[in-house]
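This report looks at the fold of one protein and at one of its pockets.

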Amino acid sequence: MTSIRPFCAVLLALSLAGPAMAASEPPSPRASAPDAADPGAPIDLKRFMGTWYVIGRVPNFIERGHVASVNEYELRDEHKVGITYRYRDGFGEPLQEIRARASVDPDSGNHGWRTWFYRVVPTHSRVLEVAPDYSWALIGYPGREMAWIFARKPDMDKALYKELAERLRDEYGVNTDKLKRVPQHPEQVGKLGYEVPNAR
């Protein structure tokens, strides 16, 4: 791995630190709407564990160009989480992964995460909001220069994505002009608003 891998893992782990809950079917479209969420509600770490698809992100030099990006979270102790970030540089490229560990601050309602890659370079992130049914999550980073939209499934309705992006902008001060959708399927490559893969 290159020298930037540890930092990459850290950034992703931060995003994943909060959003890794067990998937559950939304009872109705309204249940998944942003205004149905309670930003101040504590995060249930057990529900947060599992698979999270990276639906959107502000591109950064570590994750830029990755497709089929997925975060896997595993609760290893009361407030310790194992994180695996999986991705491809293009849909015809081999699957790669980065592993990290995270420590969750219980005093933050489990919203605050500190992540390490290769036992060094701690990075901080925050789970801004989670859907009541844990079907989506919004992740933030200090400075508000980076943010992620996670979901339990690789596809997200355009209207919901738009609402979540607006919430990142209006409620959390994220510059969503830079926000890009992450291709989860080959047919999404080249579409307006989607990130360009490293390899085509």
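The protein has three helices and nine strands. Helices here are DSSP runs of H or I with at least four residues, strands are runs of E with at least two, and both are numbered from the N terminus. The order from that end is α-α-β-β-β-β-β-β-β-β-α-β.

This is a predicted model, in which local features need pLDDT of at least 70, side-chain atom pairs count only at pLDDT 80 or more, and totals for chains, interfaces and linings use all residues. Residues are numbered from 1 along each chain as its sequence is written, and side-chain values use heavy atoms, without hydrogens and water.

Of the 200 residues, 54% are buried (under 20% relative accessible area, 1.4 Å probe, protein chains only). The accessible surface is about 9400 Å² (Shrake-Rupley method, 1.4 Å probe). Carbon and sulfur atoms hold 50% of that surface. Take contacts (heavy atoms within 4.5 Å) between residues at least 6 apart in sequence: 61% join residues at least 24 apart.

Now the pocket. The second largest pocket holds about 270 Å³ of space. Its lining has 15 residues, and Tyr161, Lys162, Leu179, Arg181 and Gly193 are the closest to its centre. Helix H3 (158-172) and strand S9 (180-181) are the elements that give two or more residues to this lining. H3 gives the most, six residues.

The lining divides by class as follows.

| Class | Lining residues |
|---|---|
| Nonpolar | five residues |
| Polar | two residues |
| Charged | eight residues |

Asp, Glu, Lys and Arg count as charged; Ala, Val, Leu, Ile, Met, Phe, Trp, Tyr, Cys and Pro as nonpolar; the others, including Gly, as polar. A pocket is an open set of points on a 1 Å grid over the protein atoms alone, where a 1.4 Å probe fits, with protein on both sides within 12 Å along at least five of seven lines; lining residues have an atom within 4 Å of a point. Points are joined across faces, edges and corners, and the volume is the space filled by probe spheres set on them.

Terms used:
Buried means under 20% relative accessible area, exposed over 50%, partly exposed in between (1.4 Å probe, protein chains only).
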